[in-house]
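Let's walk through this fold together, one question at a time. Have the sequence and the model open as you read.

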Amino acid sequence: MSKATIQLEALGCPSCMQKIENAVKGLNGIDQSTVKVMFNSSKVKTDFDENIVQIETIEKAIEDLGYPVIKSKVKSA
């Protein structure tokens, strides 16, 4: 499993967190129990299987909701 930290533009409301969390959890290869959306720092953290899903796919799922990704950092296990 790899660990991703995805920096977003500032989140405007708590319901944004729920939308992003649901979108990320809906992807194959995501460890659903590790998905955390941090409102104050506008970050998403999750563990994922790079053999199943790529960081670009996770970023696209977030951006498709209208939340621009500033940068992502991935640590391979």
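Q: Which residues of H1 are buried?
A: Here buried means under 20% relative accessible area, exposed means over 50%, and partly exposed lies in between, with a 1.4 Å probe and protein chains only. Helices (H or I, at least four residues) and strands (E, at least two) are DSSP runs, numbered from the N terminus. This is a predicted model, where local features need pLDDT of at least 70 and side-chain atom pairs count only at pLDDT 80 or more, while totals for chains, interfaces and linings use all residues. Residues are numbered from 1 along each chain as its sequence is written, and side-chain values use heavy atoms, with hydrogens and water left out. By that standard, the buried residues of H1 are Cys-16, Ile-20, Glu-21 and Val-24.

Q: Why do the buried residues of H1 line one face of the helix?
A: An α-helix has 3.6 residues a turn, so residues three or four places apart point the same way. The arc is taken from the directions that run from the helix axis to the C-beta atoms. The buried residues of H1 line one face because, seen down the axis, they fall within an arc of 130 degrees.

Q: How far does H1 reach from its first C-alpha to its last?
A: H1 covers residues 14–25, which makes 12 residues. The expected span is 1.5 Å times one less than the number of residues, and for H1 that comes to 16 Å. The model is close to this, with a reach of 17 Å.

Q: What covers the buried residues of H1?
A: Contact is counted when heavy atoms lie within 4.5 Å. For one of the buried residues, Ile-20, the contacts beyond four places in sequence are Leu-8, Leu-11, Val-37, Val-44, Ile-62, Leu-65 and Tyr-67. The cover of the buried residues of H1 includes strand E1 (2–8), strand E2 (36–38), strand E3 (43–48) and helix H2 (55–63).

Q: Which element gives the most to the largest nonpolar core?
A: A nonpolar core is a set of buried Ala, Val, Leu, Ile, Met, Phe, Trp, Tyr and Cys residues joined through side-chain atoms within 4.5 Å. The largest one has 20 residues, and Ile-6, Ile-20, Ile-58 and Ile-62 have the most contacts inside it. E1, H1, E3 and H2 each give two or more residues to this core. The element that gives the most, with 4 residues, is H2.

Q: Why are the buried residues of H2 on the same side of the helix?
A: The buried residues of H2 are Ile-55, Ile-58, Glu-59, Ala-61 and Ile-62. They sit on the same side of H2 because they cover an arc of only 160 degrees around the axis.

Q: In what order do the strands form the open sheet?
A: Two strands pair if DSSP finds at least two bridges between them. E1 and E3 run antiparallel and are joined by 6 bridges, while E2 and E3 pair in the antiparallel sense over 3 bridges. The 4 strands form an antiparallel open sheet in the order E2-E3-E1-E4.

Q: Which strands are the edge strands?
A: An edge strand of this sheet pairs on one side only. That is the case for E2 and strand E4 (69–76).

Q: What is the bridge partner of Ala-4 in E3?
A: Ser-2 stands opposite Phe-48 in E3. For Ala-4, the bridge partner in E3 is Thr-46.

Q: What phi does Ser-42 take?
A: Most residues other than glycine have a negative phi, and most peptide bonds are trans. Ser-42 is found in the loop between E2 and E3, a hairpin with 4 residues between the strands. Ser-42 is also buried, with a relative accessible area of 6%. Its phi is positive, near 55 degrees.

Q: Is Met-38 buried or partly exposed?
A: Met-38 is found in strand E2. Leaving aside neighbours within four places in sequence, Met-38 is in contact with Leu-11, Lys-43 and Lys-45. With a relative accessible area of 27%, Met-38 is partly exposed.
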